[in-house]
Amino acid sequence: MSANTSSRTSAEIASQPAVWRQAAQSLPQHSGALPRRGERVAVVGCGTSWFMAQSYAVLRESGGHGETDAFAASEFPHGRRYDRILAITRSGTTTEVLDLLRRVKGTVPTGAITADPTTPVMEAADAVAVLDFADEESVVQTRFATTNLALLRAHLEAQDALPAGVRPLDAAIRDAERALAEPLGAAVCGAEQFTFLGTGWTYGLALEAGLKMREAAGAWTEAYPAMEYRHGPISITGPGRVAWAFGPLPTGLADDVARVGGTLVAASTGAGPDLDPLADLVRAQRLAVVLAEARGYDPDRPRHLTRSVVLENSHV
């Protein structure tokens, strides 16, 4: 697929390297909304934002910046003590996120990352990082999600808390440029089913890749921690089906996929010229558009979805 197609989603996917750079450059403006070293932090979101929260939580804690949990906003454990809550919400209007922030206001410091400075999250959170340059016209969320993680990675990097083995953001940006230019290949474009796998911080990326394919293309996808693959999910793999791993590949997994006749995609294992896992997510986003267009769907306006979930009669 060319990075230049008619859909807004494709254009937004293609803009990610430049937008990640802008996020890194804007980091000093957003320090008030971001966690401090040593704080016990809960990161919350819904859908894609929740998956980015999961990836960041592992990165932050494994990098020694502080204990970090991630929750779907609707599942936040209100009896648990945290030093800070960080909410991720592209629209700034998601009901579950706003309900949570309003409920805890005045009891724990809160921050938020959003794309729209005119929305209720600006009042609901104590401090807000506005990434309006990463906002999207498409309902399907691509660059805002990855730009969140790019900003948070840049923050950890600036705090000397990037985990061992995780590339500096500059390298990830260069990898994303490669991920936009390299062909996807007939095996993945023609597959009927996809199982996305991740380890540690890349498990959140696997969850997001699966969601993106379902949202844009109605594709049959599943996502699991990589070591769980042999505990059942391998049963779905076979000819015409893909196992796509983000990050390090568990020993023997490639042989297991080959044994059952599946196609293995492992472009971000960390070896040699492999991609940064976040750049590999860009390839999965591109694939979602390819499959959507092949099936006659509009990737900008997926079925049954709206830009934000706003519920009537919500209550804390």
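This passage describes the annotated domain, salt bridges, helix packing and selected loop residues of a predicted model.

Local features were taken from the predicted model at pLDDT of at least 70 and side-chain atom pairs at pLDDT 80 or more, whereas totals for chains, interfaces and linings use all residues. Residues are numbered from 1 along each chain as its sequence is written, and side-chain values use heavy atoms, with hydrogens and water left out.

UniProt, in an unreviewed entry, lists residues 31-172 under "domain: SIS"; positions from that record follow the numbering used here, its feature names are shortened, and its annotations may be inferred rather than shown by experiment. Within this span, helix accounts for 35% and strand for 17%, and the end C-alpha atoms lie 22 Å apart. Helices (H or I, at least four residues) and strands (E, at least two) are DSSP runs, numbered from the N terminus.

A search of the whole structure returned 18 salt bridges, each defined as a side-chain nitrogen of Lys or Arg within 4 Å of a carboxyl oxygen of Asp or Glu. One of these joins Glu-136 to Arg-90, with an N to O distance of 2.6 Å. This pair links distant parts of the chain, 46 residues apart: Glu-136 belongs to the loop between strand 5 (127-130) and helix 6 (143-158), and Arg-90 to the loop between strand 3 (84-88) and helix 4 (95-104). Accessibility is classed as buried (under 20% relative accessible area), exposed (over 50%) or partly exposed (in between), with a 1.4 Å probe and protein chains only. Glu-136 is buried at 5%, and Arg-90 is buried at 4%.

Further salt bridges involve helix 7 (residues 169-181). Arg-178 and Asp-175 are bridged at 3.2 Å, N to O. These two residues are 3 residues apart in helix 7, and are therefore separated by about one helical turn. In general, an α-helix has 3.6 residues a turn, so residues three or four places apart point the same way. Asp-175 is buried, with a relative accessible area of 7%, while Arg-178 is partly exposed at 30%. Arg-178 also forms a salt bridge with Glu-182, where the closest N and O atoms are 3.4 Å apart. Glu-182 is partly exposed, with a relative accessibility of 30%. Through shared partners, Arg-167, Asp-175, Arg-178 and Glu-182 are joined into one network of salt bridges.

Two helix pairs were examined for packing. Two packed helices are described by the angle between their axes and the distance between the axes. Axes are lines fitted to C-alpha atoms, for helices over the stretch in contact, and angles run from 0 to 180 degrees between N-to-C directions. Helix 7 and helix 11 (residues 277-294) cross at roughly 25 degrees, and their axes come within 8 Å. The two helices are therefore roughly parallel, a class that covers angles under 35 degrees (over 145 is roughly antiparallel, 65 to 115 roughly perpendicular and the rest oblique). Their crossing is right-handed, meaning that the near helix is turned clockwise from the far one by less than a right angle (anticlockwise would be left-handed). Contact, defined as heavy atoms within 4.5 Å, is made by Ala-172, Asp-175, Ala-176, Ala-179 and Leu-180 of helix 7 with Ala-279, Val-282, Arg-283 and Arg-286 of helix 11.

In the second pair, helix 3 (residues 48-62) packs against helix 6 at about 15 degrees, with the axes 10 Å apart. Helix 3 and helix 6 are likewise roughly parallel, and their crossing is right-handed. Helix 3 contributes Thr-48, Met-52, Ser-55, Tyr-56, Leu-59 and Arg-60 to the contact, and helix 6 contributes Ala-145, Leu-149, Leu-152, Arg-153 and Leu-156.

Helix 4 is mostly covered, with 7 of its 10 residues buried. The buried residues are Thr-95, Val-97, Leu-98, Asp-99, Leu-100, Leu-101 and Val-104. Their cover includes strand 1, strand 3, strand 4 (110-114) and helix 5 (121-124). Gly-106, just after helix 4, has a positive phi of about 90 degrees.

A positive phi is also found at Asp-160, a residue other than glycine, with a value near 55 degrees. Asp-160 lies in the loop between helix 6 and helix 7 and is exposed, at 70% relative accessible area. Gly-38, in the loop between helix 2 (16-26) and strand 1 (41-45), is exposed at 60%. Leaving aside residues up to four places away in sequence, Gly-38 touches Arg-60, His-65, Gly-66 and Asp-83. Gly-38 and Gly-238 are 200 residues apart in sequence, and their C-alpha atoms are 46 Å apart in space.
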